[in-house]
Amino acid sequence: MDAEYFINCTVISIIINPDNDISDNVISLIKCFESFDNDQNIAVLNEINRIYDIYFKNLSSGEQEFVEVFSNIYNALSRSKKSNLIVLDEPDKMFHPEWSRKFINALVKLVNSDAQRNKKFQFIISTHSPFMMSDVPGLFVTCLDKQSGDNGYFVSQRHLNNFFACNIYETLKNDFFVDSPIGEFATNKINEYMRRINNLGEMKRGSQSIERCDSTMSDRDISNEYLILFDEINLIGDKFIRSTLIKLLDEKSSKLSVHTNVDDEIEFLEKRLGRLKEMRDSIDTVK
């Protein structure tokens, strides 16, 4: 082993990346370890693992999981016969979404490598990832759904015909048993904004919720509620939902004719103009 790889007398550090050439000695060392990784040499391999602590440094937990998953797959393929069934239980559970999106493609490349060319494989993969599903024809995808019945819970299944190259948003909505494409808290907030807009002028704000009041809100309270709603709605990232709610808010406000004098109208419009300028500046900053 070249001296450059020794940090001290007991630690060897090997930097592996596409820009660095790895010496023949390092490759020979790796192949030496690999040669013992089989059923016939399990005792020798256990002894090597007892003496040597081999690990990847400076990898995130997701990156380590990615290496571990494909190392195990490669190991299984190396020991495989002509016809093989390989089961993977949520192999992408710790992956970044981009790695999950590329998983099937990487797996196909590995299976189609020269070393595996004369073998046949069938993979059974469980996953919650719509990214992986978009790489598989629907004929080979089974959706499982836990449902309740008279005798307890049961699992229903169905096959899909239009999974391959499908938009992940449609997949999530139609095939992953997801009730909404956004989070539950955000969904509840949007519904709350709708209620507050519809009840503008007839409601008062409580400490935790909007409560009905016997008397209508004052003009100033309505103006303040409008501005509060305007600010909260502009936190919504989806442009269509945001613009729709703002339009409903403006329509409701115009019907109320809340300002009884010109000074109040000017004050309200100046505050709204300030909000719009802040929103424009924030959009320009993002761009």
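Arg-101 is partly exposed in this predicted model, with a relative accessibility of 40%. Its partner Glu-98 is also partly exposed, at a relative accessible area of 29%. The two side chains meet in a salt bridge, with 2.8 Å from N to O. What brings them together along the chain? Both sit in helix α4, and because they are three residues apart there, about one helical turn separates them. As a general point, side chains of opposite charge can pair when their charged atoms come close.

Helix α4 also leads us to the nonpolar interior. The largest nonpolar core has 19 residues, and α4 gives the most to this core, with five residues. Other elements that contribute two or more residues are α3 (61-78), β1 (83-89) and α5 (130-133), alongside α4 (97-111) itself. Which residues have the most contacts inside this core? They are Val-69, Ile-73, Leu-77 and Phe-103.

Take Ile-73 as a place to look around. Setting aside its neighbours within four places in sequence, Ile-73 is in contact with Leu-88, Phe-103, Leu-107 and Leu-110. Further on, you can find a second, separate core, this one of 14 residues, with Tyr-226, Leu-227, Phe-230 and Ile-246 among them. In soluble globular proteins, nonpolar side chains tend to be buried together.

Now let us return to charged residues, this time in helix α7 (residues 184-198). Here Lys-189 and Glu-192 lie three residues apart, about one turn of the helix. They form a salt bridge whose closest N and O atoms are 3.6 Å apart. Lys-189 counts as partly exposed, at 25% relative accessibility.

Another pair reaches across the chain. Glu-225 forms a salt bridge with Arg-196, and their closest N and O atoms are 3.1 Å apart. This pair links distant parts of the chain, since Glu-225 belongs to helix α8 (residues 219-233) and Arg-196 to helix α7, with their positions 29 residues apart. Are these two residues buried or exposed? Glu-225 and Arg-196 are both buried.

These pairs belong to a wider arrangement. Lys-189, Glu-192, Arg-196, Glu-225 and Glu-232 are linked in a network of salt bridges. How many salt bridges are there by this rule? The count comes to six, and the bridge between Glu-98 and Arg-101 is where our walk began.

Notes
Residues are numbered from 1 along each chain as its sequence is written. This is a predicted model: local features need pLDDT of at least 70, side-chain atom pairs count only at pLDDT 80 or more; totals for chains, interfaces and linings use all residues. Side-chain values use heavy atoms; hydrogens and water are left out. A nonpolar core is a set of buried Ala, Val, Leu, Ile, Met, Phe, Trp, Tyr and Cys residues joined through side-chain atoms within 4.5 Å. Buried means under 20% relative accessible area, exposed over 50%, partly exposed in between (1.4 Å probe, protein chains only). Helices (H or I, at least four residues) and strands (E, at least two) are DSSP runs, numbered from the N terminus. Contact means heavy atoms within 4.5 Å. A salt bridge is a side-chain nitrogen of Lys or Arg within 4 Å of a carboxyl oxygen of Asp or Glu.
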